[in-house]
Amino acid sequence: MPIVAQSSTETDWVSRFADDVIAESERRAPGKPVVVASGLSPSGPIHLGNLREVMTPHLVADEIRRRGHEVRHVISWDDYDRYRKVPAGVEGVDDSWGEHIGKPLTSVPAPAGSPHPNWAEHFKAAMVESLAELGVEFDPVSQTDQYTSGAYREQILHAMKHRARIDGILDQYRTKAKVQAKKQQQKPVDEAELEAAEGSGAASEDDGSGGSAGYFPYKPYCGNCEKDLTTVTEYIDATTELTYSCTACGFSETVRLSEFNRGKLVWKVDWPMRWAYEGVIFEPSGVDHSSPGSSFVVGGQIVREIFDGVQPIGPMYAFVGISGMAKMSSSRGGVPTPADALKIMEAPLLRWLYARRRPNQSFKIAFDQEIQRLYDEWDKLESKVAEGAALPADAAAYSRAARTAAGELPRTPRPLPYRTLASVADIAAGHDEQTLRILSELDPANPLSSLDEARPRLDRAENWITTQVPADARTVVRSEPDAELLGSLDEEARESLRLLLEGLDSHWSLDGLTTLVYGVPKVMAGLEPDAKPTPELKAAQRSFFALLYRLLVSRETGPRLPTLLLAVGADRVRKLLAA
């Protein structure tokens, strides 16, 4: 399908933001590339909640590119942030990594066995690979490189010169006042709120050094132990001489800040400084930034009053969850990442989950049975788009998921239903020959000639079965008939099985077997095979299905029966069901 620019009259949220961003960019920086931004901290596994920080500006940037504008999507790697704590559940990491707390992330060793030079690069690598698979075009900016190269020297000196003004702004929003206000209202300080703030970077650093020498918006990393547990004790504006002491190792020194590149602005000053430095027009932020005193709110005042810049247009985005799990925090181990999701779903489906919901709408990503329903919904949408029957906003979300301004994302040539592929993968247990035999029998008139036609969707379904479905929920087909159960059947049950076996050969396809298994109870009730179901008939069908499952897999439920019958094969079905 050709790539077309979306009209601003369409109702999807991406087009509306693209309209606003283009207009704002032309007002602020006419003739220059539109700049959108994201920030990611490689402090641990970068999870699917963080992906919204990237996908929101990516989708808007991609729409702007489709309209023929030049766009720069900056992803700032906050790899010069301090290492705050040892995340739980990270392979190759133990308590000994606690000795590195306070160092820049790029000065912390990578987990044991990693091929990467440091902690930050280790966790960046997986995200970079996932973004490539998702079709996200971006301009990476390492904050370690920026700070240690002196790129921000002018901005640092400017902030230090105006430290009293910055302190005055921050003083309007101090956390102590927020907590006190909650106490006055008899509202508890919610641990979840504090954790959300920590995960977003809002609380990852304090407002700055406020000792006897006054307030300073700059934190040096110690020249001896590399940690940021330092206090500025003196600063002379005229010479830029800065003296600091380290509470971790006792080291102290005096440096000339105009030549010193081993420290950084505190977060609430650093972020607005970067807005002005990069000329950012659009950057989203988490819902935790909407409260008074949050980094985004404070940053808006600091960028305007200190750095003579303008705050980006920035929607607040809601949390992303996982089916059956609470909202995600990167400080915890075992939280699903984009790489985890891309093992069980194709990139267009994952893009669609972010594209179809407005940023302020929360949603969940399915790692359980719900993924089958999501794929059904996706396939139905694809059919509607092909027929021209999809609503404009739905068609736009599909377009943004399936392709970027650069072209189509890789797709499965024969996109068979995910639930069918999962059932086949469950039963075939990795045997390619059996898998091909089953899939080629789904539609005898148009048989699959190679498993490559069903990939990569087949691979994703196989990964889902092997990594997300518990062993006790896997399907194991009986090797021998259940003689005891077969011997206990009444005449009606025996006749039902006889009708099924009699119709196997003439119904041996997915659609044919569907008709057969639903039709047998109808015939047993004296009805035509195409009779409409009644409550009584539905009950009889459920009872018949349960009997088949018990005879085939020793359970009362399992994969869809037509798929199961195809997978087992006609000869084996006859062996197991012959009463």
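Let's start with the largest nonpolar core: in this predicted model, that core has 108 residues. Four of them have the most contacts inside it: Leu51, Leu350, Ile365 and Leu439.

Take Leu51. Which residues does Leu51 touch, leaving out those up to four places away in sequence? They are Met127, Leu131, Leu134, Pro338, Leu350 and Tyr354. Note Leu350: it is also on the list of residues with the most contacts in the core.

There is a second core, separate from the one above. This one has 29 residues, including Tyr80, Ile166, Val255 and Val269. As background, nonpolar side chains tend to be buried together in soluble globular proteins.

Now the sheet. Three strands, open, in the order 1-2-3, and the pairing is parallel. Strand 1, residues 34–40, is an edge strand. So is strand 3, residues 139–142. Each of these two pairs on one side only. From one strand to the next, the twist averages 25°.

Look at strand 1 and strand 2. Strand 2 covers residues 71–77, and the two pair over 7 bridges. One bridge to find on screen: Leu40 has Trp77 in strand 2 as its partner.

What packs on this sheet? Helix 3, residues 119–133. Helix 3 touches strand 1, strand 2 and strand 3. Its direction makes about 155° with that of strand 2.

Last stop: helix 16, residues 432–440. Which of its residues are buried? Thr435, Ile438, Leu439 and Ser440. We met Leu439 earlier, among the residues with the most contacts in the largest core. The cover over these buried residues includes helix 15 (418–428), helix 17 (457–468) and helix 22 (561–568).

Definitions and conventions: Residues numbered from 1 in each chain as written. Predicted model: local features only at pLDDT ≥ 70, side-chain atom pairs only at ≥ 80, totals over all residues. Heavy atoms only, no water. Core = buried A, V, L, I, M, F, W, Y, C linked by side-chain atoms within 4.5 Å. Buried < 20%, exposed > 50% of the residue type's maximum accessible area, 1.4 Å probe, protein only. Contact = heavy atoms within 4.5 Å. Pairing = 2+ DSSP bridges. Helix = DSSP H or I, 4+ residues; strand = E, 2+ residues; numbered from the N terminus. Axes fitted to C-alpha atoms, helices over the stretch in contact; angles between N-to-C directions.
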